[in-house]
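User: Can you walk me through a few local features of this one? I'd like to start with charges and then go to some buried positions.

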Amino acid sequence: MLSELRTSRLSPHKYYELYMRAFDELRKLEMFFREETTRGNCSVVDLYELVQHAGNVLPRLYLLCTVGSVYIKSKEAPAKDVLKDLVEMSRGIQHPLRGLFLRSYLSQISRDKLPDIGSEYEGDADSVNDAIEFVLQNFIEMNKLWVRMQHQGPQRDKEKREKERSELRDLVGKNLHVLSQIEGVDLEMYKETVLPRILEQVVNCKDELAQFYLMDCIIQVFPDEYHLQTLETLLSAFPQLQPGVDIKTVLSQLMDRLSNYAASSPEVLPEFLQVEAFAKFSSAIGKVIEAQPDMPAVSAITLYVSLLTFTLRVHPDRLDYVDQVLGACVKKLSGKEKLQDSRATKQIVALLSAPLEKYSNIVTALELSNYPKVMDHLDNSTTKVMAVVIIQSIMKNTTCVSTSDKVEALFELIKGLIKDMDGTQDDDVDEEDFKEEQNSVARLIHMLYNEDQEEMLKIICTVQKHILRGGPKRLPFTVPSLVFLALKLVRRLQGQDGDVVGEDVPTTPKKIFQILNQTIEALYLVPCPELSLRLYLQCAEAANDCDLEPVAYEFFTQAFILYEEEIADSKAQVTAIHLIIGTLQRMNIFGVENRDTLTHKATGYSAKLLKKPDQCRAVYACSHLFWVEDQDGVKDGERVLLCLKRALRIANAAQQMANAARGSSGSISLFIEILNKYLYFFEKGNPQITSSAIQGLIELITTEMQGENATSDPSAEAFFSSTMRYIQFQKQKGGSMGEKYETIKAS
């Protein structure tokens, strides 16, 4: 069977199967030899000499190794001498495949017989060195044979051979595992002897597959503490590796291991500072990139992502280190156009997201001068993705951005969302995505706050500057948030009239209202009249609370101009006029002249609505403009009555139009609604609203409901019944209110 191992016709896979069968038989043979020597049937020394007379060199060496194992176990000779003999004799096989498996066999039978500290085979003081030397020598020879395999056979089969070689890599790597298990390999020994010898072999073999695998092995099998203390030696090998070696993966694994080591054992952090781990990693990455000018951008960025992750775990308090990593990335990308490679952009997003996740605070990231420079290398779509990530981080951690400088820096980072980037077409943007992006910007604006009023005004001005560049599609989403942010400040400043003059004008409501006027005007020009009108009315109400009559009047003027010139849709007009009436009713700042002008406008527009029912409802709503409970002087009963009578006339006209068009009277719900308004003002003490007028209206409704042309309307009938029950309830309640209702018949 051992002679079969001499073949050159088998593939590595098949050869391995043959080797395993031979290995099983050799183990049995070893047990037989041990039993024979133990019984005294033969001397192990004679046996060791005897097998060396075997005819063929390969079977002879397998037998020699087998007997050598028995020889060491018998302790009749020092283990170091036998091992040295075996490793030297194995040089006799130089065929790559056969030699590799022979040395693998030698490694397997000797691993438990090394003269290590505490081992039963330990000899004199230098025996540990001999054990290390034996494993290193075997490793070096095996690696040479493994590398040489690539040159066996024609060039066309090179890819196949590389695959076969890859399958055999563990045979070589096991030697490094054995080295790591030797007790005598302490830090000093590893630093002075083991690592330099291994790295020398790795660099000199000049084989990409071997270099990648062996560097990975070194990182995986030896302790993290050893890596930390020998970092400079280990990193010095990376720039010397072949250009085709996937250095980024190996270096990333090393940094990940060390950062995990630091995270799991905080007491070792001073050692990282002592050995200047960050500086060494940073320098090594720079040298690797410099040594490989053709390295793809994605590989370089991946290295920086790993370095940044290492930095954030080991030195989270060193923002200068974080910024240094980002700066190195910017330097690598400088002179290049925006990244188009999706893998590279994905790594950039990972690089930029890491500080956000670590610090949970965008303000910290804003202190990094190179952060926006890295973002500049992203394409437009990825810039948007990163901007959304930043906003989500702020919302998730409820981060408050509190200075205008920070807001400026933040809006520069998210500029992909707040203005059109060069080369971006509106047609390319999904409508739903666009809305979600703009809503996120609107939510962000509400996260800006500073107790200092001057600084808050600066923040508002900064936001205004940025969002007004957003274009007509964005303003309807972002302007309302800015308006309400500014109105919050106005509420805080209530009572300051803003009449201070001079160079240093303090923050006053009047100053903020000027900014708001400019902002809403930009929205109005989009055009977006209905939203602009709502915002003008909000500002008017705030100005009312600040006792700024001219400002409030100006906002109402703008609202009416919008209504006149821009709002043409009948439904939108109805909504708008009711908003105007509702806001105007709450105003208490206006003098008689200004109030009359505005109420006259409101009642006039109410009567000009397209549909009669809409006219009727708007006109009776105007009655509230002339009777305000919490305000002295605005209780004009006559004008209230005029509005209600006008509403009745319009309701009557609506009835007649319905009768003419459909041959039956329309719904009487308008009359019932007006009746309820009569009852409201009757209770409030309007002297013009008498019980006889209410009685007449009740009789009118009853007559209409019982008329020949009346159409059944269950909802109107239920409404009327409910109103009658209310009147009855008030009568039964007694007291002054009961007396008022006494003359009204509710049946």
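Analyst: What follows covers salt bridges, a charged patch and a few buried residues, all in a predicted model.

User: How many salt bridges are there in the whole structure?

Analyst: The search finds 25 salt bridges.

User: Which residue does Asp207 pair with, and at what N to O distance?

Analyst: The side chain of Asp207 meets that of Arg165 in a salt bridge, at 2.7 Å from N to O. This pair links distant parts of the chain, 42 residues apart. Asp207 lies in the loop between α9 (187-205) and α10 (208-221), while Arg165 belongs to helix α7 (residues 158-167).

User: Is Arg165 buried or exposed?

Analyst: Arg165 is buried, with a relative accessible area of 0%. Its partner Asp207 has 4%, and because the cut-off for buried is under 20%, Asp207 counts as buried too.

User: Which residues are joined into one network by shared salt-bridge partners?

Analyst: Arg27, Glu30 and Arg34 form one network through salt bridges that share partners.

User: And Arg39, what does it pair with?

Analyst: Arg39 forms a salt bridge with Glu35, with an N to O distance of 4.0 Å. Both sit in helix α1 (residues 12-39), and because they are 4 residues apart there, about one helical turn separates them.

User: How accessible are Arg39 and Glu35?

Analyst: Arg39 is exposed at 58% relative accessible area. Glu35 is partly exposed at 39%.

User: What about Arg91, which residue is its salt-bridge partner?

Analyst: The partner is Glu88, and the closest N and O atoms are 3.1 Å apart. Arg91 is partly exposed, at 34% relative accessibility. Glu88 is also partly exposed, with 36%.

User: Switching to the surface. Which residues form the negative patch?

Analyst: Asp430, Glu431, Glu432 and Asp433 make up a negative surface patch. Of these, Asp433 is found in helix α24 (residues 431-445). Asp433 has a relative accessible area of 46%, so it counts as partly exposed.

User: OK, buried positions now. Where is Leu136?

Analyst: Leu136 is in helix α6 (residues 127-148). Its relative accessibility is 1%, which means it counts as buried.

User: What does Leu136 touch, leaving aside neighbours within four places in sequence?

Analyst: Leu136 is in contact with Leu179, Val194, Arg197 and Ile198. As for Asn175, its C-alpha is 7.6 Å from that of Leu136, with the two positions 39 residues apart in sequence numbering.

User: And Leu644, which helix is that in?

Analyst: Leu644 is found in helix α33 (residues 637-662). Leu644 counts as buried because its relative accessibility is 0%.

User: Which residues does it touch, not counting those up to four places away in sequence?

Analyst: Leu644 touches Tyr620, Ser623, Ile674, Lys677, Tyr678, Phe681 and Ile689. The C-alpha atoms of Leu644 and His624 are separated by 10 Å, and these two residues are 20 apart along the chain.

User: Last one, Asn370. Where is it, and is it buried or exposed?

Analyst: Asn370 lies in the loop between α19 (362-366) and α20 (371-375). Asn370 is buried, at 13% relative accessible area.

User: What is it in contact with, leaving aside neighbours within four places in sequence?

Analyst: Asn370 is in contact with Asp323, Leu326, Gly327 and Val330.

Methods
Residues are numbered from 1 along each chain as its sequence is written. This is a predicted model: local features need pLDDT of at least 70, side-chain atom pairs count only at pLDDT 80 or more; totals for chains, interfaces and linings use all residues. Side-chain values use heavy atoms; hydrogens and water are left out. Helices (H or I, at least four residues) and strands (E, at least two) are DSSP runs, numbered from the N terminus. Buried means under 20% relative accessible area, exposed over 50%, partly exposed in between (1.4 Å probe, protein chains only). Contact means heavy atoms within 4.5 Å. Patches are made of residues with over 30% relative accessible area and no salt bridge: like charges are joined within 9 Å, nonpolar side chains (Val, Leu, Ile, Met, Phe, Trp, Tyr) within 5 Å. Accessible areas come from the Shrake-Rupley method with a 1.4 Å probe; for residues, only the protein chains shown count as cover. Lys and Arg count as positive and Asp and Glu as negative; His and the chain ends are not counted. The place of a charge is taken as NZ of Lys, CZ of Arg, CG of Asp or CD of Glu.
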